[in-house]
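Trainee: I have not seen this structure before. Please take me through it one step at a time.

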Amino acid sequence: MGYFRDIKLNNFRNFKQYSIEFSKNCNVFYGKNGSGKTNILEAISLFNKGRGIRKDQIINFIKYNEDNFVNFANFEETKGKYEIKINSEISNNNSVKKIYLNNDSSKEALDHLYSLFSFLVFLPETERLFIASPNLRRNFIDKFIFSQNNKYNTLINKYKRNIIERTKVLNLDGCESSWLERIEQNISSTGIEIYKARNTQILSIMKNISLLNTRDKLPFDLNIQIIDKFFEDNLNIEKYMYQLKKSREIDKVIGGSNRGPHKSDYKFLVDDNFLVSQLSTGQQKTIILLLFLAQSNYLVNECNLNPILLMDEVCSHLDDINRKLLLKITQQFNLQIFMTGTDKNLFSFLSTNTNFCNINV
């Protein structure tokens, strides 16, 4: 198991200089709104690929009236200890993030860094998973996939770039058909990979909830269905490209593509095919915690990964059932977990070895 031992923040968000040590188990940050609890979660998440849990612009991480931020963390695992440094730098008049593993920023060093840990992230908007737009559900599934395959975002970004490029080409006068066909072939191959990855992820969630149900009676059994008129099990590149070719005229007008994994939605059902979106807010929270429980079980027991959980304002709508589920997540797996909340008493149900940190800046 790997874990963050500490973190030091310099000119990051609302922090001028701030350092804090962590437990390798459960850590709770509590304090008033605006004290910086979520900013610490964000700083931890930045040690992975991307722009953190809130996907903000790098320039916005820099404390007001400062030139750059520089954060440090010590990470430990069975095979070694590592110092990770991350800072903002100016490149082509833009602020970008730069990461160093033991003062090494080479591709090999960063590949090793990204192999050390993965994150599962709960944000307040996650509670709207079943009633919000399909985009939130797609992103949720994609983040679960990324937690065990850190190259998945490369696939998603490649797919998006080709969709954008196709739109530009469709609006060119006299573009070469071979050029357009190459783009559509790329869209088809990456689109099928995304479909397969998401389908595998959904099957994994349902499988692991069933496995957990055999050991401990869980509040619900879950069924997840893909809603996509285009997707089918035997979809191949030739079929995909044929449909893209047929839809060129309409796609030229509306932009993008009217079919593909960026149009998918997911239906979540419990028990006798009852829609989760029709359950109470507290029951929907139960399903969300079950999803995190199932994914943790999958990563630990099938992928030999110990994800780090970042759970922001997770204690809303916690009845006895949800407290037990959250406690199960913290105790059943050997994971480092970070939670935030406004009041320490919200976490009184956690074990006595929880590390409580009052954030008061």
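Mentor: Buried means under 20% relative accessible area, exposed over 50%, and partly exposed in between (1.4 Å probe, protein chains only). Helices (H or I, at least four residues) and strands (E, at least two) are DSSP runs, numbered from the N terminus. This is a predicted model, in which local features need pLDDT of at least 70 and side-chain atom pairs count only at pLDDT 80 or more, while totals for chains, interfaces and linings use all residues. Residues are numbered from 1 along each chain as its sequence is written, and side-chain values use heavy atoms, with hydrogens and water left out.

Trainee: Which residues of β3 point the other way from C26, V28 and Y30?

Mentor: In a regular strand the side chains alternate between the two faces of the sheet. Strand β3 covers residues 26-30, and five of its five residues are buried. C26, V28 and Y30 share one direction, and the residues pointing the other way are N27 and F29.

Trainee: Which residue in β12 stands opposite V28?

Mentor: Two strands pair if DSSP finds at least two bridges between them. Five bridges join β3 to β12 (residues 337-341), and the two run parallel. In β12, the residue opposite V28 is M339.

Trainee: Which residue in β13 stands opposite F29?

Mentor: β3 also pairs with β13 (residues 355-358), in the parallel sense, over four bridges. The residue of β13 opposite F29 is C357.

Trainee: Which helix gives the largest share of the largest nonpolar core?

Mentor: A nonpolar core is a set of buried Ala, Val, Leu, Ile, Met, Phe, Trp, Tyr and Cys residues joined through side-chain atoms within 4.5 Å. The largest one has 67 residues, of which L222, L291 and M339 touch the most other members. The largest share, 11 residues, comes from helix α5.

Trainee: How many residues apart in sequence are the parts that K285 and E127 tie together?

Mentor: A salt bridge is a side-chain nitrogen of Lys or Arg within 4 Å of a carboxyl oxygen of Asp or Glu. K285 and E127 form one, with their closest N and O atoms 3.0 Å apart. K285 lies in helix α8 and E127 in the loop between β7 and α3, so the parts tied together are apart in sequence by 158 residues.

Trainee: Is K285 buried or exposed?

Mentor: Its partner E127 has a relative accessible area of 13% and is buried. K285 has 1% relative accessibility, so K285 counts as buried.
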